[in-house]
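Thanks, everyone. I have one model to show today, and I will keep it short.

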Amino acid sequence: MQSLGIDTLFKGSNFARLLTGLLVSFRISMISVGISIVLGLLLGALMTSKKTYVKVLTRVYLEVVRIMPQMVLLFIVFFGTTRVLGINIDAELSAIIVFSFWGTAEMSDLVRGALVSIPRHQYDSGMALGMSKRDIYIHIVIPQTVRRLIPLSINLITRMIKTTSLVMMIGVVEVLKVGQQIIEANRNASSNAAFGIYLVVFLLYFIVCWPISMFGRRLERRWS
């Protein structure tokens, strides 16, 4: 283990610090996911509107989020709001704002796709049975939309968890930042510290994301 640099983890509180950093990453991603799901559901339903100005505005928002890298958004929110607007936003809140902004766009597009994928004859069949629009949505549209949406949204959640590694660039002390600090502190004592620490960071991300991914696949197989 020493040749791999993993022995560095067992010096002092290094491993506990890594876990604390992982909790920071997980907290940022889960708060962002929660906000993204709520706002994404509302915006996704709005995207199905036939009004031209609604389609244009939502499409511009979606394209801006897709084109602009998350790191640039982080810099704009964290540094830009302070210098341009004079508003001091701490790094963690900036990360939550950016990932919620990004996640809402991605989630809303998933919701829109799930809604428009419901065949028109499903609505017509419900109306032929004398069902109201409300009943059609509750008993026909929403259950089918949820089945289409959950596996895709779980994939988005795992992407958001992994992408939180970018927040180290604005000073958030998450798992990757902690790993770098440990490597720097043990550079002379352990020449392979970088390999061992980054290997453990990879395993920590895998341990967090793998059960979520498996849960999504299980639901997909059950509902296919």
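I will go through the overall fold, then one residue, then the two pockets.

Before anything else, please keep in mind that this is a predicted model.

Start with the fold. The protein has eight helices and zero strands, so the order of elements from the N terminus reads α-α-α-α-α-α-α-α. For 224 residues the globule rule gives 17 Å, but the radius of gyration here is 22 Å, well over that value, so the protein is more spread out than a compact globule. Along the principal axes, the C-alpha trace spans about 75 × 50 × 20 Å. Of the 224 residues, 42% are buried. Taking contacts with a separation of 6 or more, 77% are between residues 24 or more positions apart.

Now one residue in helix α4, namely D109. Is D109 buried or exposed? Its relative accessibility is 14%, and because the cut-off for buried is under 20%, D109 counts as buried. What does the side chain of D109 make a polar contact with? The partner is the side chain of R66, at 2.4 Å. Leaving out residues up to four places away in sequence, D109 touches M47 and L62 as well as R66.

On to the pockets. The largest pocket has a volume of about 490 Å³. Its lining has 13 residues, and those nearest the centre are T48, K50, R120, Y123 and Y137. Which elements give two or more residues to that lining? They are α4, residues 91–116, then α5, residues 120–128, and α6, residues 133–163. So helix α4, where D109 sits, is also one of the contributors to this pocket. By class, the lining of the largest pocket comprises seven nonpolar, two polar and four charged residues.

The second largest pocket holds about 270 Å³ of space. It is lined by 14 residues, with N155, T158, K162, C209 and S213 lying nearest its centre. Two helices each supply at least two residues of this lining: α6, and α8 at 193–223. Which of the elements gives the most? That is α8, with nine residues. By class, this lining divides into seven nonpolar, four polar and three charged residues.

One link between the two pockets is helix α6: it gives two or more residues to the lining of the largest pocket, and at least two to that of the second largest.

That is what I have; I am happy to go back to the model.

Definitions and conventions: Residues are numbered from 1 along each chain as its sequence is written. This is a predicted model: local features need pLDDT of at least 70, side-chain atom pairs count only at pLDDT 80 or more; totals for chains, interfaces and linings use all residues. Side-chain values use heavy atoms; hydrogens and water are left out. On a 1 Å grid over the protein atoms alone, a cavity is a set of points where a 1.4 Å probe fits but cannot get out, and a pocket is an open set with protein on both sides within 12 Å along at least five of seven lines; lining residues have an atom within 4 Å of a point. Grid points are joined across faces, edges and corners, and a volume is the space filled by probe spheres set on the points. Helices (H or I, at least four residues) and strands (E, at least two) are DSSP runs, numbered from the N terminus. Ala, Val, Leu, Ile, Met, Phe, Trp, Tyr, Cys and Pro count as nonpolar, Asp, Glu, Lys and Arg as charged, and the others, Gly among them, as polar. Buried means under 20% relative accessible area, exposed over 50%, partly exposed in between (1.4 Å probe, protein chains only). A polar contact is a pair of N or O atoms within 3.5 Å; within protein, one must be able to donate a hydrogen and the other to accept it, and residues adjacent in sequence count only if both atoms are side-chain atoms. Contact means heavy atoms within 4.5 Å. The radius of gyration is taken over C-alpha atoms; the globule rule is 2.2 Å times the number of residues to the power 0.38.
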